Amino acid sequence: MAEGDGNFTDGAWTDVLAAVDRTYADLIAHQQKLEEQSEQLHELRRFIGSVMGSVSEIMAIVDRDGLIEEVSASLSDTTRSEPAALIGSDLAHLFVPAGAKAITEALTALRLSRSAAHFEADVMTADGPAPFEITLSARVNDSGRLIGAVLVGRPLGELRQAYSELEQSHQRLQEAQTQLVRNEKLASLGRLLAGVAHELNNPISFVYANTHALERYVTRFETYFERVQDGAEREELVALRSELKLERNLRNLRDAIQGASEGAERVRDIVADLRRLSADGTAAADAFDLVDTARVAAHWVERGSKSGVTTRFTGLDNLTIRGTPGHVQQIVMNLVQNAMDAVRDLDDPVVGIHVDRDADRAILTVTDNGPGVAAEHRDAIFDPFFTTKPVGQGTGLGLSISHKIAEEHGGSLSLGPGPGGAFQLALPLSTDMPQPQRETE
Ligand SMILES: Nc1ncnc2c1ncn2[C@@H]1O[C@H](COP(=O)(O)OP(=O)(O)OP(=O)(O)O)[C@@H](O)[C@H]1O
Ligand SMILES: [Mg+2]
């Protein structure tokens, strides 16, 4: 080796080789890191790809100018365009003109404020325009600069469909409820009918017996007048009169006629009560006497219950309210029926109705000396179908229907404190008539 080359001693070579080694090792390390990063990047792309492939919402990633960089499989399905055909195109072109305008405006707004936009827009799908609920949010880089946007769209068609199905089932439920209310009416009408049959039986047999008697009397008078017409002697007629007991029969005739007409009147009243009760909800509101109606209601329940319990009335004797008499009667019947049910097993059953008023409402309270409503049931008793009665004995609709009717009348139905059962019905007083003063005054 030449002297001039003395600089390149063995030591120097060793140094160079060591440096090359180090550089090489660095390179390898660097490449390894790069490969790792590239693997991570791949992983990330696969992850994004799987998200894009599986979201049911449509999704697009766009750059600052609204040009598509990435689309979800659902968006490419919806528009029936290959992802490759969509990438690079203008996002706004996927929408009908009004939607395109909204997208452009939202992108402009994002540049200014970065706040996400929510709006409805129609996407041009393969089957024509379809509504989507769109959210467009900003994509920013590490230094906070806007680099584009992410669009997510939820198809509203399905939602609307689901909503209309919900509406339909709600409607069906309401129909079923109306049907049940009708059934409840029928049930209480059934109870009522038992009483009606009994009630009608009395006056009708009264009328029948009296007409029967009348017929007998008529036959006797006919016999007598035939003899008169035949020119019978005075003595014979006197004898015949006493034989046929005509004087007494004449008095009885009056009684029989009165009896028959009383019976007929009773029948007429019963029929009038029933008419009132069967008035449907469309009946016009009327001014009527609450006490009268309550008496009729209590009477019918007593007839139907056969327990022999009678309702004790206290308070005002008359009070004119405004509403549908048949409906108010139904409330009182439900309340009295519940009270009767509550005292069924008592030795000294008491059911009472007290009528009073405040400034502008009539207040009718139905009480009983039964066990009252258990504390844990107080919140539930007005719910439809809540009943503590055995199957077949209560539908649990009485109070819920009564509550509804009271409110429809601009009044209220509430549970009083007890100790026994106590239900308070408040209804607006009629303003057309002079009213009795308050009980307490
Ligand atoms: N006077 C009362 N005393 C004690 N509990 C009562 C009284 N009135 C109502 N309840 C309770 O409230 C529940 C609901 O009453 P509601 O009148 O709505 O239905 P029901 O009487 O059970 O059945 P339905 O009236 O439909 O035949 C009753 O089952 C009962 O538990
Ligand atoms: Mg009831």
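Good morning. I begin with a single residue: setting aside neighbours within four places in sequence, R160 is in contact with E120 and P131. Please keep in mind throughout that this is a predicted model. R160 belongs to helix α5, which covers residues 156-229. Its partner P131 is 29 residues away along the chain, and the C-alpha atoms of R160 and P131 are separated by 9.9 Å. Is R160 buried, exposed or partly exposed? Its relative accessibility is 43%, and because the partly exposed class runs from 20% to 50%, R160 counts as partly exposed.

Let me now step back to the whole chain. The protein chain has 441 residues, of which 33% count as buried. It contains ten helices and twelve strands. If we take contacts between residues at least 6 apart in sequence, 62% of them join residues at least 24 apart. The accessible surface of the chain comes to about 26,900 Å², and carbon and sulfur atoms account for 54% of that surface.

I turn next to the interior. The largest nonpolar core has 42 residues, and within it V336 and L364 touch the most other members. Several elements give two or more residues to this core: the helices α8 (290-305), α9 (325-343) and α10 (398-408), together with the strands β9 (351-357), β10 (361-368), β11 (412-415) and β12 (421-428). Which element supplies the largest share? That is α9, with nine residues.

V336 merits a closer look. With neighbours within four places in sequence left aside, V336 is in contact with A298, V301, T311, V351, I353 and V366. Apart from this core lies another, of 25 residues, with V62, A92, L110 and L151 among them.

The next topic is ligand 1. There are 20 residues around ligand 1, and the closest are T387, T388, K389, T395 and L399. By class, this shell comprises seven nonpolar, ten polar and three charged residues.

Three polar approaches to the ligand deserve mention. From the side chain of K389, a polar atom lies 2.6 Å from an oxygen atom of ligand 1. The backbone contributes as well: an N or O backbone atom of L399 lies 2.8 Å from a ligand oxygen atom, and for a backbone N or O atom of G398 the corresponding distance is 3.3 Å. How much of the ligand does the protein cover? On its own, ligand 1 has 600 Å² of accessible area, and the protein covers 93% of it. The elements that give two or more residues to the shell are α9, α10 and β12. Those elements also appear among the contributors to the largest nonpolar core.

Finally, I draw your attention to two backbone conformations. R114 has a phi near 70°, a positive value in a residue other than glycine. R114 sits in the loop between α4 (97-113) and β3 (117-125), and with a relative accessibility of 34% it counts as partly exposed. K245 likewise has a positive phi, near 55°, and is a residue other than glycine. Its place is in the loop between α6 (234-243) and α7 (246-278). The relative accessibility of K245 is 42%, so K245 too counts as partly exposed.

Thank you for your attention.

Note on methods:
Residues are numbered from 1 along each chain as its sequence is written. Chains are lettered from A and ligands numbered from 1 in the order in which they are written. This is a predicted model: local features need pLDDT of at least 70, side-chain atom pairs count only at pLDDT 80 or more; totals for chains, interfaces and linings use all residues. Side-chain values use heavy atoms; hydrogens and water are left out. A nonpolar core is a set of buried Ala, Val, Leu, Ile, Met, Phe, Trp, Tyr and Cys residues joined through side-chain atoms within 4.5 Å. Buried means under 20% relative accessible area, exposed over 50%, partly exposed in between (1.4 Å probe, protein chains only). Helices (H or I, at least four residues) and strands (E, at least two) are DSSP runs, numbered from the N terminus. Contact means heavy atoms within 4.5 Å. A residue is near a molecule or strand if one of its heavy atoms lies within 4 Å of it. A polar contact is a pair of N or O atoms within 3.5 Å; within protein, one must be able to donate a hydrogen and the other to accept it, and residues adjacent in sequence count only if both atoms are side-chain atoms. Accessible areas come from the Shrake-Rupley method with a 1.4 Å probe; for residues, only the protein chains shown count as cover. Ala, Val, Leu, Ile, Met, Phe, Trp, Tyr, Cys and Pro count as nonpolar, Asp, Glu, Lys and Arg as charged, and the others, Gly among them, as polar.
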